Amino acid sequence: MANKVIVEININGDPVELLCEPRQSLLEVLRDVLELTGSKEGCLTGDCGACTVVIDGRPVCSCLMLGVEAAGKNVATVEGLASGMSLHVLQQKFLEHASLQCGICTPGVLMSAKALLDRNPNPTEAEIRYALAGNLCRCTGYDKIVRAVTDAAAALAGRTHPAHGTVPSETASGMAGEMLAKGEAK
Amino acid sequence: MHAINYEAPKSLDEAVKLLAAHGEKARPLSGGTDLLIQLRAGTRRPEFVVDIKQIPELTRISFSLQHGLRLGAAAPCISIHENSDMRKYYPGLTEAAHLIGSLQIQSRATVGGNLCNGSPAADTTPALIALGAQARVIGPKGERTVPVDGFCLAPGRTVLQPGELLVEFHIPAPERHSSDAYLRFIPRNEMDIAVVGVGAALSLDVSDDRVVEARIGLGAVGPTPIFAAEASKSLIGKTLDAAAIENAARLAIAVATPIDDMRGTAEFRRHVVGVLTRRTLAKAAERAREANQR
(Lines give C-alpha, C1' and ligand atoms only; values in the text may rest on other atoms or scores of the structure.)
Protein backbone atom coordinates (compact mmCIF):
# COMPACT_ATOMS: atom_id res chain seq x y z
CA MET A 1 0.00 0.00 0.00
CA ALA A 2 2.89 2.23 0.68
CA ASN A 3 3.51 4.34 -2.39
CA LYS A 4 7.22 4.95 -2.14
CA VAL A 5 8.90 7.66 -4.15
CA ILE A 6 12.49 8.38 -5.06
CA VAL A 7 13.89 11.56 -3.54
CA GLU A 8 17.28 13.14 -4.14
CA ILE A 9 18.61 15.26 -1.30
CA ASN A 10 22.05 16.69 -0.67
CA ILE A 11 22.86 15.66 2.88
CA ASN A 12 25.93 17.08 4.59
CA GLY A 13 27.49 17.76 1.23
CA ASP A 14 26.78 14.36 -0.32
CA PRO A 15 24.09 13.75 -2.94
CA VAL A 16 21.81 11.00 -1.62
CA GLU A 17 19.10 9.14 -3.52
CA LEU A 18 16.57 7.45 -1.28
CA LEU A 19 13.20 5.76 -1.30
CA CYS A 20 10.55 7.00 1.12
CA GLU A 21 6.82 7.31 1.62
CA PRO A 22 5.34 10.78 0.99
CA ARG A 23 3.88 10.74 4.50
CA GLN A 24 7.28 10.36 6.15
CA SER A 25 8.65 13.50 7.75
CA LEU A 26 12.18 14.59 6.95
CA LEU A 27 13.05 13.53 10.51
CA GLU A 28 11.76 9.99 9.83
CA VAL A 29 13.64 9.90 6.54
CA LEU A 30 16.86 10.94 8.27
CA ARG A 31 16.48 8.57 11.22
CA ASP A 32 14.65 5.55 9.80
CA VAL A 33 15.67 5.51 6.14
CA LEU A 34 19.20 6.92 6.29
CA GLU A 35 19.94 5.85 9.88
CA LEU A 36 21.22 9.32 10.70
CA THR A 37 19.93 9.25 14.25
CA GLY A 38 21.70 12.39 15.45
CA SER A 39 18.57 14.49 14.89
CA LYS A 40 16.23 13.72 17.78
CA GLU A 41 12.48 13.29 17.98
CA GLY A 42 11.04 15.38 20.78
CA CYS A 43 7.59 16.90 20.61
CA LEU A 44 6.67 16.40 16.91
CA THR A 45 4.89 19.76 17.01
CA GLY A 46 7.71 22.21 16.33
CA ASP A 47 7.96 23.40 19.92
CA CYS A 48 11.14 21.74 21.20
CA GLY A 49 13.66 22.03 18.36
CA ALA A 50 15.38 18.68 19.07
CA CYS A 51 14.94 17.74 15.39
CA THR A 52 16.47 20.98 14.06
CA VAL A 53 18.46 20.65 10.84
CA VAL A 54 19.74 23.40 8.57
CA ILE A 55 18.19 23.55 5.11
CA ASP A 56 19.75 25.90 2.57
CA GLY A 57 21.18 27.91 5.45
CA ARG A 58 18.01 28.09 7.55
CA PRO A 59 17.19 26.23 10.75
CA VAL A 60 14.10 24.06 10.30
CA CYS A 61 12.24 21.54 12.45
CA SER A 62 12.65 18.34 10.44
CA CYS A 63 9.52 16.92 12.11
CA LEU A 64 7.38 19.60 10.46
CA MET A 65 8.55 18.94 6.94
CA LEU A 66 7.92 15.99 4.66
CA GLY A 67 10.98 14.15 3.40
CA VAL A 68 9.73 14.64 -0.16
CA GLU A 69 9.76 18.41 0.39
CA ALA A 70 13.53 18.24 0.87
CA ALA A 71 14.07 17.09 -2.71
CA GLY A 72 16.85 19.14 -4.31
CA LYS A 73 17.71 20.90 -1.07
CA ASN A 74 20.91 21.04 0.96
CA VAL A 75 20.25 19.49 4.34
CA ALA A 76 22.85 19.80 7.09
CA THR A 77 22.53 17.56 10.15
CA VAL A 78 24.63 17.21 13.29
CA GLU A 79 26.44 14.25 11.68
CA GLY A 80 28.04 16.66 9.24
CA LEU A 81 29.42 19.09 11.82
CA ALA A 82 32.70 17.34 12.69
CA SER A 83 35.24 16.74 9.97
CA GLY A 84 36.51 13.22 10.45
CA MET A 85 37.79 12.90 14.00
CA SER A 86 38.06 16.62 14.63
CA LEU A 87 35.09 18.24 16.25
CA HIS A 88 33.50 21.44 14.98
CA VAL A 89 34.43 24.36 17.20
CA LEU A 90 30.83 24.52 18.47
CA GLN A 91 31.01 20.87 19.57
CA GLN A 92 34.40 21.50 21.18
CA LYS A 93 33.09 24.51 23.10
CA PHE A 94 30.01 22.58 24.24
CA LEU A 95 32.36 20.03 25.82
CA GLU A 96 34.59 22.67 27.39
CA HIS A 97 31.68 24.57 28.89
CA ALA A 98 29.76 21.42 29.90
CA SER A 99 26.83 22.71 27.85
CA LEU A 100 24.98 19.41 27.82
CA GLN A 101 23.74 16.87 30.31
CA CYS A 102 21.22 14.41 28.91
CA GLY A 103 22.13 15.47 25.37
CA ILE A 104 18.74 15.09 23.69
CA CYS A 105 18.50 18.78 22.79
CA THR A 106 22.17 19.09 21.84
CA PRO A 107 22.09 18.14 18.13
CA GLY A 108 19.27 20.62 17.53
CA VAL A 109 20.94 23.34 19.57
CA LEU A 110 24.20 22.82 17.69
CA MET A 111 22.44 23.14 14.33
CA SER A 112 20.57 26.30 15.37
CA ALA A 113 23.86 27.75 16.62
CA LYS A 114 25.60 26.74 13.39
CA ALA A 115 22.90 28.49 11.31
CA LEU A 116 23.28 31.59 13.50
CA LEU A 117 27.09 31.78 13.29
CA ASP A 118 27.07 31.19 9.53
CA ARG A 119 24.86 34.24 9.13
CA ASN A 120 26.12 36.35 12.00
CA PRO A 121 29.70 35.51 13.08
CA ASN A 122 29.66 37.97 15.98
CA PRO A 123 26.26 37.71 17.68
CA THR A 124 25.33 39.46 20.91
CA GLU A 125 24.06 37.41 23.83
CA ALA A 126 20.52 38.57 23.03
CA GLU A 127 20.91 37.41 19.43
CA ILE A 128 22.19 34.02 20.58
CA ARG A 129 19.29 33.60 22.98
CA TYR A 130 16.82 34.66 20.28
CA ALA A 131 18.31 32.22 17.76
CA LEU A 132 18.10 29.39 20.30
CA ALA A 133 14.59 30.26 21.54
CA GLY A 134 13.19 27.37 19.49
CA ASN A 135 15.43 24.82 21.20
CA LEU A 136 14.23 23.68 24.61
CA CYS A 137 16.74 22.35 27.14
CA ARG A 138 15.56 21.01 30.47
CA CYS A 139 19.05 20.33 31.89
CA THR A 140 21.41 23.25 31.53
CA GLY A 141 19.36 26.35 32.20
CA TYR A 142 20.78 27.64 28.90
CA ASP A 143 23.61 29.75 30.37
CA LYS A 144 26.30 27.20 29.58
CA ILE A 145 24.95 26.81 26.06
CA VAL A 146 25.03 30.57 25.50
CA ARG A 147 28.60 30.73 26.86
CA ALA A 148 29.71 27.95 24.52
CA VAL A 149 28.19 29.64 21.47
CA THR A 150 29.72 32.99 22.46
CA ASP A 151 33.08 31.33 22.91
CA ALA A 152 32.77 29.42 19.63
CA ALA A 153 32.07 32.68 17.79
CA ALA A 154 35.15 34.20 19.42
CA ALA A 155 37.27 31.18 18.53
CA LEU A 156 36.09 31.26 14.93
CA ALA A 157 37.04 34.92 14.74
CA GLY A 158 40.42 34.20 16.36
CA ARG A 159 39.51 35.97 19.59
CA THR A 160 39.33 34.71 23.14
CA HIS A 161 36.18 35.15 25.10
CA PRO A 162 36.59 38.08 27.56
CA ALA A 163 34.82 36.28 30.42
CA HIS A 164 37.00 33.18 30.26
CA GLY A 165 40.49 34.34 29.37
CA THR A 166 42.30 31.71 27.39
CA VAL A 167 40.44 28.57 26.50
CA PRO A 168 40.34 25.59 26.10
CA SER A 169 40.70 23.78 29.38
CA GLU A 170 42.78 20.65 28.91
CA THR A 171 41.05 18.27 31.30
CA ALA A 172 37.43 18.75 30.34
CA SER A 173 37.92 18.68 26.61
CA GLY A 174 40.47 15.88 26.75
CA MET A 175 38.26 13.44 28.64
CA ALA A 176 35.02 14.04 26.83
CA GLY A 177 36.78 14.28 23.51
CA GLU A 178 38.33 10.88 24.06
CA MET A 179 35.00 9.30 24.93
CA LEU A 180 33.44 10.71 21.81
CA ALA A 181 36.28 9.54 19.65
CA LYS A 182 35.96 5.98 21.02
CA GLY A 183 32.22 5.99 20.44
CA GLU A 184 32.67 7.11 16.88
CA ALA A 185 35.34 4.55 16.12
CA LYS A 186 33.11 1.55 16.91
CA MET B 1 0.06 9.51 9.80
CA HIS B 2 -2.21 8.07 7.09
CA ALA B 3 -0.78 7.48 3.61
CA ILE B 4 -0.82 10.52 1.35
CA ASN B 5 0.00 11.38 -2.23
CA TYR B 6 2.36 14.30 -2.66
CA GLU B 7 2.26 16.65 -5.61
CA ALA B 8 4.46 19.71 -6.16
CA PRO B 9 3.14 21.64 -9.16
CA LYS B 10 5.50 24.16 -10.73
CA SER B 11 2.84 26.50 -12.11
CA LEU B 12 -0.42 28.04 -10.97
CA ASP B 13 -2.26 26.35 -13.86
CA GLU B 14 -1.00 22.96 -12.84
CA ALA B 15 -1.92 23.58 -9.19
CA VAL B 16 -5.45 24.70 -10.08
CA LYS B 17 -5.96 21.57 -12.21
CA LEU B 18 -4.69 19.28 -9.46
CA LEU B 19 -6.79 20.94 -6.77
CA ALA B 20 -9.88 20.92 -9.02
CA ALA B 21 -9.39 17.24 -9.85
CA HIS B 22 -9.08 16.19 -6.22
CA GLY B 23 -11.54 18.68 -4.65
CA GLU B 24 -12.13 17.97 -0.97
CA LYS B 25 -9.59 15.15 -1.01
CA ALA B 26 -6.76 17.67 -1.51
CA ARG B 27 -5.15 20.14 0.85
CA PRO B 28 -2.56 22.72 -0.22
CA LEU B 29 0.73 22.50 1.69
CA SER B 30 2.52 25.76 2.38
CA GLY B 31 5.00 25.88 5.28
CA GLY B 32 3.40 22.81 6.85
CA THR B 33 3.85 24.04 10.43
CA ASP B 34 0.13 23.60 11.09
CA LEU B 35 -0.76 21.00 8.43
CA LEU B 36 1.81 18.38 9.42
CA ILE B 37 0.65 18.52 13.02
CA GLN B 38 -2.97 18.13 11.86
CA LEU B 39 -2.09 15.20 9.59
CA ARG B 40 -0.27 13.48 12.43
CA ALA B 41 -3.14 14.09 14.84
CA GLY B 42 -5.66 12.92 12.23
CA THR B 43 -7.68 16.13 12.43
CA ARG B 44 -7.24 16.61 8.68
CA ARG B 45 -7.05 13.57 6.43
CA PRO B 46 -6.44 14.69 2.83
CA GLU B 47 -5.50 11.99 0.29
CA PHE B 48 -3.55 14.52 -1.73
CA VAL B 49 -1.14 17.06 -0.33
CA VAL B 50 -0.35 19.72 -2.92
CA ASP B 51 2.89 21.55 -2.14
CA ILE B 52 2.50 25.09 -3.50
CA LYS B 53 5.99 26.40 -2.71
CA GLN B 54 7.43 25.71 -6.15
CA ILE B 55 5.00 28.08 -7.86
CA PRO B 56 6.77 31.42 -8.42
CA GLU B 57 3.68 33.64 -7.80
CA LEU B 58 3.12 31.98 -4.44
CA THR B 59 6.49 32.83 -2.89
CA ARG B 60 7.31 36.23 -4.32
CA ILE B 61 7.23 39.52 -2.46
CA SER B 62 6.99 42.46 -4.84
CA PHE B 63 6.58 46.06 -3.80
CA SER B 64 6.37 49.37 -5.60
CA LEU B 65 5.26 52.80 -4.40
CA GLN B 66 2.86 52.92 -7.34
CA HIS B 67 1.19 49.54 -6.99
CA GLY B 68 1.73 48.63 -3.37
CA LEU B 69 2.54 45.14 -2.18
CA ARG B 70 1.96 41.72 -3.65
CA LEU B 71 2.79 39.15 -1.03
CA GLY B 72 2.78 35.51 -2.13
CA ALA B 73 0.67 33.33 0.15
CA ALA B 74 3.53 30.82 0.57
CA ALA B 75 6.40 33.25 1.22
CA PRO B 76 8.04 32.17 4.49
CA CYS B 77 7.77 34.63 7.40
CA ILE B 78 11.55 34.98 7.58
CA SER B 79 11.67 36.34 4.02
CA ILE B 80 9.21 39.06 5.05
CA HIS B 81 11.38 40.16 7.94
CA GLU B 82 14.47 40.11 5.73
CA ASN B 83 12.82 42.29 3.06
CA SER B 84 13.75 45.97 3.48
CA ASP B 85 10.56 47.22 1.76
CA MET B 86 8.46 45.16 4.16
CA ARG B 87 10.28 46.54 7.19
CA LYS B 88 10.02 50.11 5.92
CA TYR B 89 6.50 50.27 4.52
CA TYR B 90 4.64 47.58 6.47
CA PRO B 91 6.46 47.33 9.84
CA GLY B 92 3.32 46.11 11.65
CA LEU B 93 2.74 43.16 9.32
CA THR B 94 6.48 42.47 9.43
CA GLU B 95 6.55 42.36 13.23
CA ALA B 96 3.50 40.08 13.25
CA ALA B 97 5.27 37.64 10.88
CA HIS B 98 8.41 37.86 13.01
CA LEU B 99 6.50 36.99 16.20
CA ILE B 100 5.31 33.60 15.00
CA GLY B 101 7.15 30.81 16.78
CA SER B 102 10.88 30.26 16.65
CA LEU B 103 13.29 30.92 13.79
CA GLN B 104 12.75 27.27 12.82
CA ILE B 105 9.04 27.99 12.44
CA GLN B 106 9.56 31.36 10.72
CA SER B 107 11.79 29.65 8.16
CA ARG B 108 8.75 27.61 7.05
CA ALA B 109 5.50 29.23 8.23
CA THR B 110 3.71 31.57 5.83
CA VAL B 111 1.18 34.40 6.05
CA GLY B 112 -1.12 32.57 3.63
CA GLY B 113 -1.00 29.43 5.75
CA ASN B 114 -1.63 31.47 8.87
CA LEU B 115 -4.84 32.83 7.30
CA CYS B 116 -6.04 29.57 5.69
CA ASN B 117 -5.50 27.61 8.90
CA GLY B 118 -8.30 29.81 10.24
CA SER B 119 -7.12 30.17 13.81
CA PRO B 120 -8.79 33.08 15.63
CA ALA B 121 -5.39 33.76 17.23
CA ALA B 122 -3.38 33.98 13.97
CA ASP B 123 -0.85 36.80 14.45
CA THR B 124 -0.61 38.04 10.89
CA THR B 125 -4.37 38.22 10.22
CA PRO B 126 -5.18 41.31 12.35
CA ALA B 127 -2.15 43.02 10.77
CA LEU B 128 -3.49 42.18 7.27
CA ILE B 129 -6.96 43.40 8.24
CA ALA B 130 -5.48 46.69 9.48
CA LEU B 131 -3.73 47.19 6.15
CA GLY B 132 -6.91 46.50 4.18
CA ALA B 133 -5.34 43.47 2.49
CA GLN B 134 -7.20 41.70 -0.30
CA ALA B 135 -6.72 37.99 -0.88
CA ARG B 136 -6.48 36.77 -4.48
CA VAL B 137 -8.10 33.36 -4.75
CA ILE B 138 -8.05 31.11 -7.79
CA GLY B 139 -10.12 28.01 -8.35
CA PRO B 140 -11.95 25.83 -10.86
CA LYS B 141 -14.48 28.61 -11.52
CA GLY B 142 -11.81 31.27 -12.04
CA GLU B 143 -10.42 34.03 -9.94
CA ARG B 144 -11.91 36.17 -7.16
CA THR B 145 -10.72 38.73 -4.65
CA VAL B 146 -11.75 38.45 -1.01
CA PRO B 147 -11.00 41.07 1.65
CA VAL B 148 -9.02 39.47 4.48
CA ASP B 149 -11.50 40.84 7.01
CA GLY B 150 -14.17 38.51 5.65
CA PHE B 151 -11.95 35.53 4.88
CA CYS B 152 -12.39 33.54 8.11
CA LEU B 153 -15.84 32.13 8.90
CA ALA B 154 -15.26 30.12 12.08
CA PRO B 155 -12.32 28.51 13.87
CA GLY B 156 -10.56 26.42 11.19
CA ARG B 157 -13.04 27.46 8.48
CA THR B 158 -12.57 30.02 5.70
CA VAL B 159 -14.35 31.17 2.55
CA LEU B 160 -12.17 28.87 0.43
CA GLN B 161 -14.22 26.30 -1.46
CA PRO B 162 -12.86 22.85 -2.33
CA GLY B 163 -10.37 23.27 -5.17
CA GLU B 164 -9.69 26.94 -4.40
CA LEU B 165 -6.20 28.24 -3.68
CA LEU B 166 -5.09 31.46 -1.98
CA VAL B 167 -2.45 32.87 -4.33
CA GLU B 168 -1.35 36.19 -2.85
CA PHE B 169 -2.28 39.26 -0.88
CA HIS B 170 -2.56 42.71 -2.35
CA ILE B 171 -2.00 45.63 -0.02
CA PRO B 172 -2.47 49.17 -1.29
CA ALA B 173 0.54 51.45 -1.68
CA PRO B 174 1.27 53.37 1.52
CA GLU B 175 0.14 56.99 1.78
CA ARG B 176 2.80 59.58 2.46
CA HIS B 177 2.43 59.67 6.24
CA SER B 178 1.13 56.22 7.00
CA SER B 179 2.28 53.20 8.92
CA ASP B 180 1.11 50.23 10.90
CA ALA B 181 1.81 48.33 14.11
CA TYR B 182 0.96 44.97 15.63
CA LEU B 183 1.14 44.00 19.28
CA ARG B 184 0.05 40.86 21.04
CA PHE B 185 -0.25 39.92 24.66
CA ILE B 186 1.29 36.64 25.80
CA PRO B 187 2.38 35.73 29.33
CA ARG B 188 5.99 35.14 28.23
CA ASN B 189 8.50 36.97 26.05
CA GLU B 190 8.34 34.80 22.93
CA MET B 191 6.99 31.60 21.47
CA ASP B 192 3.38 31.62 22.55
CA ILE B 193 -0.11 31.88 21.09
CA ALA B 194 -1.76 35.29 21.29
CA VAL B 195 -4.08 35.87 24.25
CA VAL B 196 -5.01 39.07 22.43
CA GLY B 197 -3.50 40.57 19.27
CA VAL B 198 -4.21 44.02 17.85
CA GLY B 199 -3.10 45.46 14.52
CA ALA B 200 -3.57 49.11 13.58
CA ALA B 201 -2.82 51.08 10.43
CA LEU B 202 -3.03 54.86 10.22
CA SER B 203 -2.63 57.51 7.57
CA LEU B 204 -2.16 61.04 8.95
CA ASP B 205 -2.32 64.59 7.75
CA VAL B 206 0.78 65.77 9.58
CA SER B 207 -0.03 69.48 9.26
CA ASP B 208 -2.56 69.15 12.08
CA ASP B 209 -2.11 65.51 13.13
CA ARG B 210 -5.53 64.59 11.73
CA VAL B 211 -6.37 60.98 10.89
CA VAL B 212 -7.09 60.46 7.19
CA GLU B 213 -7.49 56.70 7.31
CA ALA B 214 -7.57 54.21 10.16
CA ARG B 215 -8.11 50.48 10.42
CA ILE B 216 -7.94 48.26 13.50
CA GLY B 217 -7.86 44.45 13.46
CA LEU B 218 -8.34 42.25 16.54
CA GLY B 219 -7.13 38.68 17.11
CA ALA B 220 -7.97 35.93 19.65
CA VAL B 221 -11.07 37.72 20.94
CA GLY B 222 -13.76 36.03 18.87
CA PRO B 223 -14.34 32.95 16.69
CA THR B 224 -12.54 34.74 13.85
CA PRO B 225 -10.17 37.70 13.64
CA ILE B 226 -12.24 40.89 13.75
CA PHE B 227 -12.21 44.19 11.85
CA ALA B 228 -13.12 46.83 14.45
CA ALA B 229 -15.11 48.96 11.99
CA GLU B 230 -16.70 51.42 14.43
CA ALA B 231 -13.46 52.00 16.30
CA SER B 232 -11.64 52.60 13.02
CA LYS B 233 -14.31 54.97 11.67
CA SER B 234 -14.38 56.94 14.92
CA LEU B 235 -10.83 58.14 14.31
CA ILE B 236 -11.21 59.40 10.76
CA GLY B 237 -11.09 63.19 10.54
CA LYS B 238 -10.14 63.49 14.22
CA THR B 239 -6.96 64.74 15.79
CA LEU B 240 -5.23 61.76 17.29
CA ASP B 241 -5.33 62.91 20.92
CA ALA B 242 -5.83 60.89 24.09
CA ALA B 243 -9.60 61.29 23.98
CA ALA B 244 -9.85 60.00 20.37
CA ILE B 245 -7.61 57.03 21.18
CA GLU B 246 -9.59 56.23 24.33
CA ASN B 247 -12.85 56.35 22.39
CA ALA B 248 -11.47 54.01 19.72
CA ALA B 249 -10.26 51.60 22.41
CA ARG B 250 -13.75 51.58 23.98
CA LEU B 251 -15.34 50.84 20.59
CA ALA B 252 -12.80 48.08 19.91
CA ILE B 253 -13.67 46.43 23.24
CA ALA B 254 -17.34 46.59 22.26
CA VAL B 255 -16.87 44.34 19.19
CA ALA B 256 -14.68 41.79 20.98
CA THR B 257 -16.49 38.57 21.88
CA PRO B 258 -13.78 36.63 23.73
CA ILE B 259 -14.19 33.38 25.63
CA ASP B 260 -12.68 32.18 28.91
CA ASP B 261 -9.97 29.61 28.31
CA MET B 262 -6.65 28.41 29.71
CA ARG B 263 -4.86 31.45 28.27
CA GLY B 264 -7.09 34.14 29.77
CA THR B 265 -10.59 35.06 30.88
CA ALA B 266 -13.02 36.94 28.65
CA GLU B 267 -12.96 39.89 31.07
CA PHE B 268 -9.16 40.05 30.99
CA ARG B 269 -9.10 39.79 27.21
CA ARG B 270 -11.55 42.68 26.83
CA HIS B 271 -9.35 44.77 29.09
CA VAL B 272 -6.26 43.87 27.04
CA VAL B 273 -8.05 44.80 23.78
CA GLY B 274 -8.33 48.33 25.20
CA VAL B 275 -4.69 48.44 26.30
CA LEU B 276 -3.30 47.09 23.03
CA THR B 277 -5.58 49.24 20.88
CA ARG B 278 -4.24 52.35 22.61
CA ARG B 279 -0.65 51.15 22.28
CA THR B 280 -0.83 50.04 18.63
CA LEU B 281 -2.53 53.29 17.63
CA ALA B 282 0.18 55.29 19.41
CA LYS B 283 2.92 53.21 17.81
CA ALA B 284 1.40 53.36 14.32
CA ALA B 285 0.94 57.14 14.72
CA GLU B 286 4.52 57.64 15.82
CA ARG B 287 5.73 55.70 12.80
CA ALA B 288 3.35 57.50 10.44
CA ARG B 289 4.56 60.94 11.61
CA GLU B 290 8.16 59.91 11.00
CA ALA B 291 7.38 58.23 7.70
CA ASN B 292 7.81 60.08 4.48
CA GLN B 293 6.77 57.39 2.09
CA ARG B 294 6.75 59.44 -1.10
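**Entry 1: strands of chain A**

I began with strand β1 of chain A (residues 5–11), and found that seven bridges join it to strand β2 of chain A (residues 14–20), the two running antiparallel. The model I am reading is a predicted one. To fix the register I looked up one pair, and noted that A:Val5 stands opposite A:Cys20 in β2(A). I then followed the chain through the turn: β1(A) and β2(A) make a hairpin with two residues between them, and I recorded that A:Asn12, which lies in that turn, has a positive phi of about 50°.

I next asked what else β1(A) pairs with, and found two bridges to strand β5 of chain A (residues 74–76), in this case with the strands running parallel. Here I noted A:Val75 in β5(A) as the bridge partner of A:Ile11.

**Entry 2: domains 1 and 2 of chain B**

Turning to chain B, I took down the domain assignment, which gives domain 1 as 5–51, domain 2 as 57–171 and domain 3 as 180–289. I looked up the spacing of domain 1 and domain 2 of chain B, and their centres, taken over C-alpha atoms, are separated by 18 Å. To their contact, domain 1 of chain B brings 15 residues and domain 2 of chain B brings 19 residues.

The area buried between these two domains of chain B is about 1300 Å², and I noted that carbon and sulfur atoms give 63% of it. On the side of domain 1 of chain B, the residues that lose the most area to domain 2 of chain B are B:Leu12, B:Ser30 and B:Thr33, which together make up 38% of what that side buries.

I then checked the polar side of this contact: between domain 1 and domain 2 of chain B the count of salt bridges is zero, whereas three residue pairs are in polar contact, with both residues at pLDDT 80 or more. Looking at which elements supply the domain 1 side, I found that α1 (12–22) and β2 (26–29) of chain B each give two or more residues, and that α1(B) provides the largest share, five residues. By type, I sorted the residues of that side into six nonpolar, five polar and four charged.

**Entry 3: B:Arg136**

Finally I looked up B:Arg136, which is found in strand β6 of chain B (residues 134–139). Its side chain makes a polar contact with the side chain of B:Glu143, at 2.8 Å. Leaving aside neighbours within four places in sequence, I listed the contacts of B:Arg136 as B:Leu12, B:Glu143, B:Arg144, B:Leu165, B:Leu166, B:Val167 and B:Glu168. I marked B:Leu12 in that list, having already entered B:Leu12 among the residues of domain 1 of chain B that lose the most area to domain 2 of chain B.

Technical notes
Residues are numbered from 1 along each chain as its sequence is written. Chains are lettered from A and ligands numbered from 1 in the order in which they are written. This is a predicted model: local features need pLDDT of at least 70, side-chain atom pairs count only at pLDDT 80 or more; totals for chains, interfaces and linings use all residues. Side-chain values use heavy atoms; hydrogens and water are left out. Two strands pair if DSSP finds at least two bridges between them. Helices (H or I, at least four residues) and strands (E, at least two) are DSSP runs, numbered from the N terminus. Domain bounds come from an automatic or database domain assignment. Contact means heavy atoms within 4.5 Å. Buried area is the accessible area (1.4 Å probe) that two parts lose on being put together, summed over both. A salt bridge is a side-chain nitrogen of Lys or Arg within 4 Å of a carboxyl oxygen of Asp or Glu. A polar contact is a pair of N or O atoms within 3.5 Å; within protein, one must be able to donate a hydrogen and the other to accept it, and residues adjacent in sequence count only if both atoms are side-chain atoms. Ala, Val, Leu, Ile, Met, Phe, Trp, Tyr, Cys and Pro count as nonpolar, Asp, Glu, Lys and Arg as charged, and the others, Gly among them, as polar.
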